[in-house]
Protein chains: 2
Amino acid sequence: MSVRSDFHHALETLQQDLLRMGSYVEEAISLSTKALLDQDRQLASQVIANDDRIDRLQHDVEERCMKLIALQQPMAKDLRKISSAWRISLELERMADNACGVAKSVRRIAEQPYVKTLVNTPIMSSVCQQMVKMGLDAYLQEDIELAIKMSDLDNQVDALYKHIFNDLLQLMLKDPSVINQATQLIFIARYLERFGDHATNIAETVVYLVTGERKELNP
Amino acid sequence: MSVRSDFHHALETLQQDLLRMGSYVEEAISLSTKALLDQDRQLASQVIANDDRIDRLQHDVEERCMKLIALQQPMAKDLRKISSAWRISLELERMADNACGVAKSVRRIAEQPYVKTLVNTPIMSSVCQQMVKMGLDAYLQEDIELAIKMSDLDNQVDALYKHIFNDLLQLMLKDPSVINQATQLIFIARYLERFGDHATNIAETVVYLVTGERKELNP
């Protein structure tokens, strides 16, 4: 095989691993939300236990990115291809951490009846899941428009967060006995909001990959 | 200059930039805490405005790391030296983001009289500042013991967080009129707690740099 086709083969393997990481992350956020809705402590614990495999995969991707740069000395766009893979692996790892954060809060409140029906949180979670998919699609297809469309979804996530936060604050003011649980529900919304921020970082990485310019989306 | 001394010169410049980033981060967390204690909205806004220079420096460090790997093809320990510089620059950037988070919460509550005297939050902040210094020292001196000592401080940070969280929860339960402010004070403590986590990641990076092993400190 030529050096060039070695490079492309290694890049493809990296991209497959990012897709795998992405599907783990989607699963983590979807299961932690299911654990929240079903008040399922055991499922929440499973999400937390699964986080290890994402961390290991991220370290593996990171090391292969470095070695690939050292061995192939790619420049310009090719270099950005690898650095983007590396960056995206980091963002996915942080997104998985946020999913774990949700699961940890779920474990703290799963045994109490909920003080309100959770409507906006699962919506927020499904927008987040959509963002992971769109972000990885935008990366693989180097599609800036899709990346920007994805980062626009972060406005929805932010709006939902504010809504949930204010709702829960009002609820606490009316009935202080719910404070403990409401605080955890605020934390959960906040983890999802951070999740959206990391997804937006993926969109920014796609713009950098294609154009070589750093541009802040949704500052 | 030989290739080898080029490498060392480039590495030194990277390290100087990390020190500069570290001093910006220390300043950010120290000023945002001062803004909190003095109820100084303007100072909080300044911390937020200063964040740009840290982001720019991080991007610059990142690009130089990649080019250095491509040009010099370092292997083993030398490769880890660069990848560690890269990772640490990212952690510092996230720590600065957490300092900004503190500043943003300060802006939301600076105009109200505080519901309690803030004792533990400034202590938490000063432990965090100490962690930045120790982490960068441990990195420069490749001192694993110092890195582990630093990551032990994260236990103090976590304990302070729990203390602050429980205090504020009790306060809200007693007097629901403080809920709004107390929630922001919990967020501030949480940003500091995240700050400590990123500092611990720096300690883990030092262990990886020296030993080549990934080890989770304070899991």
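# A guided tour of a two-chain model

A:E62 is buried, with a relative accessible area of 2%. Begin by selecting this residue in the model, which is a predicted one. The helix around A:E62 is α2, covering residues 41–72 of chain A. Display the side chain of A:W86 as well: a polar contact of 3.2 Å links it to the side chain of A:E62. Setting aside residues up to four places away in sequence, A:E62 touches A:W86 and, in the other chain, B:R87 and B:R214.

**The whole of chain A**

Now select chain A by itself. Chain A has 6 helices and 0 strands, and the order of its elements from the N terminus is α-α-α-α-α-α. The radius of gyration of chain A is 19 Å, close to the 17 Å given by the globule rule for 219 residues, so chain A is as compact as a globular protein of that length. Turn the C-alpha trace of chain A to view its principal axes, along which it spans about 70 × 35 × 20 Å. Of the 219 residues in chain A, 56% count as buried. Among the contacts in chain A that join residues at least 6 apart in sequence, 83% are between residues at least 24 apart.

**The annotated spans**

Next, colour residues 18–106 and 124–206 of chain A, where UniProt, in an unreviewed entry, places the feature "domain: PhoU". Residues 18–106 are 94% helix and 0% strand, and the C-alpha atoms at the ends of this span lie 27 Å apart. For residues 124–206 the figures are 93% helix and 0% strand, with 23 Å between the end C-alpha atoms.

**A residue in helix α3**

Select A:R107, which is located in helix α3 (residues 76–109) of chain A. Is this residue, A:R107, buried or partly exposed? Its relative accessibility is 30%, so A:R107 counts as partly exposed. Add A:R41 to the selection: although A:R41 and A:R107 are 66 residues apart along the chain, 5.2 Å separates their C-alpha atoms. Apart from neighbours within four places in sequence, A:R107 is in contact with A:R41, A:A44, A:S45 and A:I48.

**A residue in helix α6 of chain B**

Move to B:A189, within helix α6 (residues 179–211) of chain B. B:A189 has a relative accessible area of 0% and is buried. Show B:S125 too; the C-alpha atoms of B:A189 and B:S125 are separated by 8.9 Å, with their positions 64 residues apart along the chain. Which residues does B:A189 touch, not counting those up to four places away in sequence? They are B:M124, B:Y161 and B:I164.

**The nonpolar core**

In soluble globular proteins, nonpolar side chains tend to be buried together. In this model, the largest nonpolar core holds 158 residues, of which A:L92, A:M172, B:L92 and B:M172 touch the most other members. Centre the view on A:M172. Leaving out neighbours within four places in sequence, A:M172 is in contact with A:V178, A:I179, A:A182, A:T183 and A:I186, and also with B:M172, B:I179 and B:T183.

**The two chains together**

Finally, show both chains. A rotation of 180 degrees, with 0.0 Å of shift along its axis, superposes chain B on chain A with an RMSD of 0.0 Å. This is the relation of a two-fold axis. To locate the axis from chain B, select B:A70, whose C-alpha is the nearest to it in that chain, at 2.5 Å. The same surface serves both copies, as 100% of the contact residues of chain B recur in chain A.

Technical notes:
Residues are numbered from 1 along each chain as its sequence is written. Chains are lettered from A and ligands numbered from 1 in the order in which they are written. This is a predicted model: local features need pLDDT of at least 70, side-chain atom pairs count only at pLDDT 80 or more; totals for chains, interfaces and linings use all residues. Side-chain values use heavy atoms; hydrogens and water are left out. A nonpolar core is a set of buried Ala, Val, Leu, Ile, Met, Phe, Trp, Tyr and Cys residues joined through side-chain atoms within 4.5 Å. Buried means under 20% relative accessible area, exposed over 50%, partly exposed in between (1.4 Å probe, protein chains only). Contact means heavy atoms within 4.5 Å. Copies are superposed by least squares on the C-alpha atoms of residues with pLDDT of at least 70 in both. Helices (H or I, at least four residues) and strands (E, at least two) are DSSP runs, numbered from the N terminus. UniProt positions are given in the numbering used here, feature names are shortened, and annotations may be inferred rather than shown by experiment. A polar contact is a pair of N or O atoms within 3.5 Å; within protein, one must be able to donate a hydrogen and the other to accept it, and residues adjacent in sequence count only if both atoms are side-chain atoms. The radius of gyration is taken over C-alpha atoms; the globule rule is 2.2 Å times the number of residues to the power 0.38.
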